[in-house]
Every structure is written in C-alpha cells, then in structure tokens.
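Hi,

Here's the structure I promised to pass on. Have a look at it first, and then read my notes underneath.

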Amino acid sequence: MFCYQCEETVKGTGCTIKGVCGKEDDIAAYQDVLVYLCKGISVRNLAAMEKGKGDPDAGMFIADALFATLTNVNFDAARFTAMINKAVAIRDKLPAGGSTEPDACTWMPKGDRDILEKAKSVGILSTANEDVRSLRSTLLFGLKGIAAYYTHAAVLGKTDAEITTFLQKGLASTLQDIAVPDLIALVMECGSTGIKVLALLDAANTSAYGKPQITSVKTTVGKCPGILITGHDLKDLEMLLEQTKDTGVDVYTHGEMLPAHAYPAFKKYSHLVGNYGGSWWHQKEEFEQFNGPVLFTTNCLVPPKDTYKCRLFTTGLTGYPGVPHIEAGPGGKKDFSKIIALAKTSPLPKALPGSGNDLITGCAHDAVLALADTVIAAVKKGDIKRFIVMAGCDGRQKEREYYTEFAKALPKDTIILTAGCAKYRYNSIGLGNIGGIPRVIDAGQCNDCYSLVVIAQALAKAFGVGINELPVSYNIAWYEQKAVLVLLALLSLGVKDITLGPKLPAFVSPAVLDVLVKQFDLKPNTTVPADMARMVKI
Ligand code: SF4
Ligand code: SF3
C-alpha cells in the first residue's frame, strides 16, 4: 500500500505497511481500485454527456465512492467489493469509447486476488513524475472533500450537476497527460467548486433545520440511558431524535455533531441533552465510559476496542467489519430500533473527567452578522484588534498542543473564528468574551467554514477593504481531505498568508510548495511565540 492523504501519515511521508489510522493493506488496495474505476466511469460518462447520453446517477455514485475512501470512514472489505462491482456495472452500461479508451474504462476485475494485484499499478505511485503526482494527489484529495460534503447535501435533497460533473472532470484528468499549469488550474477550480459545495450544504442544512442560533451546550450527563451520535450527518440525527422521542432514552452528540444543538429544528427535542467528549481521537476512552450505543454517521471512525465494539453501529458511507450497519430504506428512512433497544438495557453514561463546562456553538453567518454592528463598533473602538481563523481538524499528536497554547497566549483583544473539530483544543478553556461577543466564535462543523467566508466577506464590505486587508490572520489545522478542500477553497478566493499545521501535507512536492508560497504566501506553523508575533503583530 501507499497512502499519504492525511496529516498523520507515517514519518510525514506515507503509510506503506499499515495506516496510522488502522487501514490495512487490503482496504487500501480496494480503495485505490475503486477510485481507479471511478476514473473510468468519469471518462466514459463525460463523453456520453457531450452526446446527451450520460448517466445522471453516475455522479452521485462517484461522490459516495470517493467519500468511502476518505480517512477514517470505511474499513469494511465487503462494502468495498460491493462498491467495486457496482462501479463496473455503472461503467459498463455507458457507451464504450473505442480502442483509445484508457485501461480504467475496460479493465475487468476477476475476483479479490485480481483486485489486490491491480492495486499495485493504479495507486498514487503509478504517477512517476513527483510534481504531477503531487498535483494529481492534491486534486484527488480535494475531490474527496467535495464528495463528502456533496453526499451530505444530497441526503437533504440538494444536488447540483455542475458539482458532480466537476468531480468527473477532475478524476478523468488524472488519466490524461496534462501540462502542469493546466493541472494547477484544475486544482484551483477544485477550490472554487469547494465554495459551491459548501454553500450547497449550508443551504441544505439551514433550509431543513433552520438558521443556527448561538447556543450553550451542556457537557454533563443525565439520569437516563443514552445514545451517542457522532459524525456530520444531520439527517441521521433527525431520524434518531424522532425515533427516540418518549422512549426514556437520551441522545448526546459527539465530535463534529456538537453544532447540531444550534439548529432550531433540534432544539425542540428535550431528550437531546448535551455533548459528550471531545474530538474524534479521544473516542477509545470516551466510548468506553459512555456505556451506551454509539452511532457513526461519517468520519472519524477509529478501529474500536472489543470492550465497546459490541455497542457500535455505522450508517451512511461508514463501515467497520463486525459492526452492524444500518442501511437506508425506501425514501432514505432508517430504522434505529436496534440501537434504541440496546440503549434501554445499557448502564448510564459516566461523567468524563474534566467535563461540565458548557460549550458555545452556532456562531454561523446569520447569527454573527446579526451582531455585525456590535462587532464593527468593537473593531473601530479598538476593543477587538484582530480575528484569528483557527478552523480545521484535530489530531492525536502531542504537537497539536500548540493550538491550545496559541489560543491561551492570544491577547485578550483578539477573537478566534473556528469551525471543525480543531475547536476542541480551546473551546472549553474559558477564553471569555469581548463586550458580550464570545472570544471563540464557533461557526459549526468543518463545512461551516463557509460561514467564516461569508462573515469575512461581509466585514470586508463593511470596512470597504479587500479580504486580505482585514484584521484577520489564518492559523489552520488540518488532518483529513475535507480540510484539504477547505484550504483550496480559501486559496481560490485569493486568501493569502495562511499558516498551515501541524505539518505541511506529505503530498505537496517542493516545487508545488514553491508555487503555493510564491502565489499565496502559504507557510507552515512554527512555535507559539514566533507565530504569535507574526500573526498578531505584538
Ligand atoms: Fe496513513 Fe492517513 Fe492514509 Fe490512514 S489515511 S493510511 S493514516 S495516510
Ligand atoms: Fe474532524 Fe474527522 Fe476533520 Fe469535520 S471529524 S473536521 S477530523
């Protein structure tokens, strides 16, 4: 195997024996082959679409397939072989393109051994040139981010053929001999398509569940058995809340599900009692203590300990061997009765050490812009000197303590703008507020970085300056491919001087990094004092 798609990759270069995430060699192989077949579908479907004979459902399949290959989503070989078979069926229904078609359009897997063998020649390392490999990888990982967010929007009925067409254009391009400047342009187009998909998901979430309101969320435990729901899929949460109504079972959010508490549609469920635990990588300890069942709706799934594996359930694109998977039935309906029955016989959740402080979330664009006059006045008065965007992901390495230390060291007249699970590094350390404005403005999930863009654009308009002239610095933390997309989205808007950490991506070659530095002034994080002096100009 060779995988270097996430920040925790072995030695900062690539996982070659087994993933740090727990991905085994065979799963990496299935994923590489699935992506390869999606490239074949894309080539055929784009050609068919030009003749008005495309398969309108192929784009949705590709989005689901790419999402399944994102870090910490699916570890289940059986699910991947089923998707590989489906990919072949979709591809082979499309009109064949003749003798010049690439191998991805014609190769037929003849069983498991053949798939594992094929993976050796179609993965990342099949591109020999280091810079082309780097650009193709950046594009592919950005596409995976688009795929994940698109899948969430589609579940809520919001789709956009332009986005799925770009997924196919991007995938097909990786089979073609494209000049480096054109590949760079495609990477930038991936970023601008990222803005479109973030906006689509924002519209999907807010039209289904209302506009988030600034909300204080409890982190204590109640006196009823509970179900913990984690991941990003709000539709799953809605169905779970409906089915647990009046059952005597409480529902707690975990990780990226925390911002759900801010949506008006979920506030009406009194048994949605609070948030349990921190970001994804604490799950081994936290799920043990929770005692009740846990539902995974998306990433990040860490290979479970046997002590709580029997209480896990997956749904959507997530999967793990031996963990029951809840499929959607007609109309997307899911039956969570097995989870509810298990919750009723489970001991109560235990309070986690250090928990108890309320968490503030729901500072999405409408909620913050409703305070625009107060914020602008505070900036003009000098009460707020700077905003620091600290959005992105959390991860397990010790070096990520940098983000807690950075947040603690920020001057009291600065405000953190955040979204994604990176916030757990500093959202419970009591940074206070400036004239009632929280010093940690949590817009929501990683996809709600879109809110931060809307807020920055509104501030730029109010102050009559460009986005790079605002008193805003960017200190972004990344882990997986959705964060790659968010970064590309920011670059596509022309945002400059972004600090990225805790490590630069292994898939960015020295020459590609040089382009990013020259064009966008992108830089790695260093130490808290040095970065503070540069970003806050103290
Ligand atoms: Fe390694 Fe990350 Fe790939 Fe997992 S997803 S195999 S940790 S690079
Ligand atoms: Fe977190 Fe996995 Fe990226 Fe959605 S849940 S931000 S890491």
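In which sense do strand 9 and strand 14 pair, and over how many bridges? Bear in mind that this is a predicted model. Strand 9 (residues 386-389) runs in the parallel sense with strand 14 (residues 472-477), and three bridges join them. If you want a spot to zoom in on, find Val389: its bridge partner in strand 14 is Tyr474.

Now zoom out to the sheet. These two strands sit in an open sheet of six strands, in the order 13-10-9-14-15-16, with parallel pairing. Strand 13 (440-442) and strand 16 (523-524) are at the edges. Each of them has a single partner strand, so one side of each has no neighbour in the sheet. There's also a helix to look at here: helix 17 (residues 481-492) packs on the sheet and touches strand 14 and strand 15 (498-501). The direction of helix 17 makes about 170 degrees with that of strand 15.

Next up, the aromatic rings. A pair of rings is described by the distance of the centres and the angle of the planes. The count here comes to 17 aromatic pairs. One of them is Tyr252 with Phe290, which is edge-to-face, at 5.5 Å centre to centre and 80 degrees between the planes. This pair links distant parts of the chain, as Tyr252 is in strand 3 (residues 250-254) and Phe290 is in helix 10 (residues 283-290), 38 residues apart. Are these two rings' residues buried or exposed? Tyr252 has a relative accessible area of 0%, so it counts as buried, and Phe290 is buried at 0% too.

Phe290 also pairs with Tyr276: the ring centres are 5.0 Å apart and the planes stand at 70 degrees, over the 60 degrees needed, so this pair is edge-to-face. Tyr276 comes from the loop between strand 4 (272-275) and helix 10, 14 residues from Phe290. With a relative accessible area of 1%, Tyr276 is buried.

Elsewhere, ring pairs join Phe2, Tyr4, Phe141, Trp478 and Phe507 into a cluster.

Last stop: ligand 2. Which residues are around it? They are His232, Glu256, Trp280, Asn299, Cys300, Cys393, Cys421, Cys446, Tyr479, Glu480 and Lys482. Sorted by class, this shell has six nonpolar, two polar and three charged residues.

Have fun clicking around!

Methods:
Residues are numbered from 1 along each chain as its sequence is written. Chains are lettered from A and ligands numbered from 1 in the order in which they are written. This is a predicted model: local features need pLDDT of at least 70, side-chain atom pairs count only at pLDDT 80 or more; totals for chains, interfaces and linings use all residues. Side-chain values use heavy atoms; hydrogens and water are left out. A residue is near a molecule or strand if one of its heavy atoms lies within 4 Å of it. Ala, Val, Leu, Ile, Met, Phe, Trp, Tyr, Cys and Pro count as nonpolar, Asp, Glu, Lys and Arg as charged, and the others, Gly among them, as polar. Rings of Phe, Tyr and Trp (its six-membered ring) pair if their centres lie within 6.5 Å; planes under 30 degrees apart count as stacked, over 60 as edge-to-face and the rest as tilted. Helices (H or I, at least four residues) and strands (E, at least two) are DSSP runs, numbered from the N terminus. Buried means under 20% relative accessible area, exposed over 50%, partly exposed in between (1.4 Å probe, protein chains only). Two strands pair if DSSP finds at least two bridges between them. Contact means heavy atoms within 4.5 Å. Axes are lines fitted to C-alpha atoms, for helices over the stretch in contact, and angles run from 0 to 180 degrees between N-to-C directions.
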